[in-house]
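Hi everyone, thanks for making time for this. I'd like to walk you through a structure that will be new to most of you, so please have a look at it first.

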Amino acid sequence: RYEQLPDYAVFLTETKGRVERGMTRGDFLWAVDGVQERYRTLIRRSADDAAAVLMTITPEQLTTLQRQFDKDNKRFIREYRLDADVEERRQATVRRTLSRVRDWAGSLTPEQEKSIAAMAHDLPLMHALRHEDRMRRQREFMQLMRNRGDDRAQFAARLRHFLLNWEEGRDPRYDRVFKESIEKHAELYAAIARMLTPAQRTAVTRKLQRYVDD
């Protein structure tokens with residue numbers, strides 16, 4: 001906390017400055033990289049402590065965890081409409097995108113909603129592949145837990161590797177679609193940034209400032 005909270009504040013302040021100047025595609029990709037690198041820093045620092053706790057988990061608790069995974073997976077299917085046709089999944093993406101933008105920028109004009117909806121409608125449909133990848137990671141984690149052994153340091157090293165290398169073992173199809181999705185989202189949010197009114201941009205920067213203050 002002593003080292004990272006000031007770094008988070010600096011990162012968010014820089015993000016705020018980029019929003020004020022007018023966020024570009026490159027700024028979005030910079031932010032994604034920044035979040036991922038800070039996640040890796042957190043994992044490198046906390047893996048040993050996490051391993052100490054996870055060594056104490058009982059088989060009964062693993063059963064409970066699996067039930068929670070199953071529950072979360074069913075909710076994921078509902079949220080992303082994976083049991084529906086392609087058009088309904090696209091409409092679900094539109095609704096989530098509009099909700100996210102409103103959460104940051106406030107109310108949107110009908111023209112803004114129409115433009116954002118049209119762009120969001122054409123985002124890559126990646127959530128079925130994402131769902132499969134989530135379940136793969138869950139299976140790998142359960143296997144890691146069942147094979148903990150008695151050496152905590154060795155388990156901590158395996159846990160750290162698992163948490164830092166989330167792309168390892170990923171379906172190449174998902175890897176391609178995921179990279180495409182990041183690029184398309186970068187273009188989407190750069191376009192949204194260009195259409196924000198001064199009041200909407202201020203709403204975004206105020207929210208960022210609240211995180212900085214926290």
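Let me start with a term: a cavity here is a set of grid points where a 1.4 Å probe fits but cannot get out, and its lining residues have an atom within 4 Å of a point. The model on the screen is a predicted one.

So, how many cavities of 30 Å³ or more does the count come to? The answer is one. About 40 Å³ of space lies inside the largest cavity. If you want to find this spot, look for Tyr80, Leu82, Arg89, Thr93, Leu125, Met126, His127 and Ala128, which line the cavity. Two helices each supply at least two residues of that lining, namely H4 and helix H6 (127-146). By character, the lining residues divide into five nonpolar, two polar and one charged. As background, rolling a probe the size of a water molecule over the atoms shows where empty space is left.

Next, please find Arg81. This residue sits in the loop between helix H3 (59-79) and H4. Most residues other than glycine have a negative phi. Arg81, however, has a positive phi, near 55°. Is Arg81 buried or exposed? Neither label fits, because its relative accessible area of 28% makes it partly exposed.

Now to the nonpolar cores. The largest one has 20 residues, and Val101, Ile116, Tyr189, Ile192 and Val204 touch the most other members. Which elements give two or more residues to this core? They are helix H2 (25-54), helix H4 (86-105), helix H5 (110-121), helix H8 (172-195) and helix H9 (198-213). H8 contributes the largest share, five residues.

Let's zoom in on Val204. Setting aside neighbours within four places in sequence, Val204 is in contact with Val19, Trp104, Ala105 and Leu196. There is also a second, separate core of 15 residues, and among its members are Ile43, Leu54, Phe69 and Phe162.

My last stop is Gln112, in helix H5. Why does Gln112 count as buried? Because its relative accessibility is 6%, and buried means under 20%. Leaving out residues up to four places away in sequence, Gln112 touches Met195, Leu196, Thr197 and Gln200. Leu196 is thus a contact of Gln112 and also of Val204.

That's my tour, and I'm happy to go back to any of these spots with you. Thanks for listening!

Terms used:
Residues are numbered from 1 along each chain as its sequence is written. This is a predicted model: local features need pLDDT of at least 70, side-chain atom pairs count only at pLDDT 80 or more; totals for chains, interfaces and linings use all residues. Side-chain values use heavy atoms; hydrogens and water are left out. A nonpolar core is a set of buried Ala, Val, Leu, Ile, Met, Phe, Trp, Tyr and Cys residues joined through side-chain atoms within 4.5 Å. Buried means under 20% relative accessible area, exposed over 50%, partly exposed in between (1.4 Å probe, protein chains only). Helices (H or I, at least four residues) and strands (E, at least two) are DSSP runs, numbered from the N terminus. Contact means heavy atoms within 4.5 Å. On a 1 Å grid over the protein atoms alone, a cavity is a set of points where a 1.4 Å probe fits but cannot get out, and a pocket is an open set with protein on both sides within 12 Å along at least five of seven lines; lining residues have an atom within 4 Å of a point. Grid points are joined across faces, edges and corners, and a volume is the space filled by probe spheres set on the points. Ala, Val, Leu, Ile, Met, Phe, Trp, Tyr, Cys and Pro count as nonpolar, Asp, Glu, Lys and Arg as charged, and the others, Gly among them, as polar.
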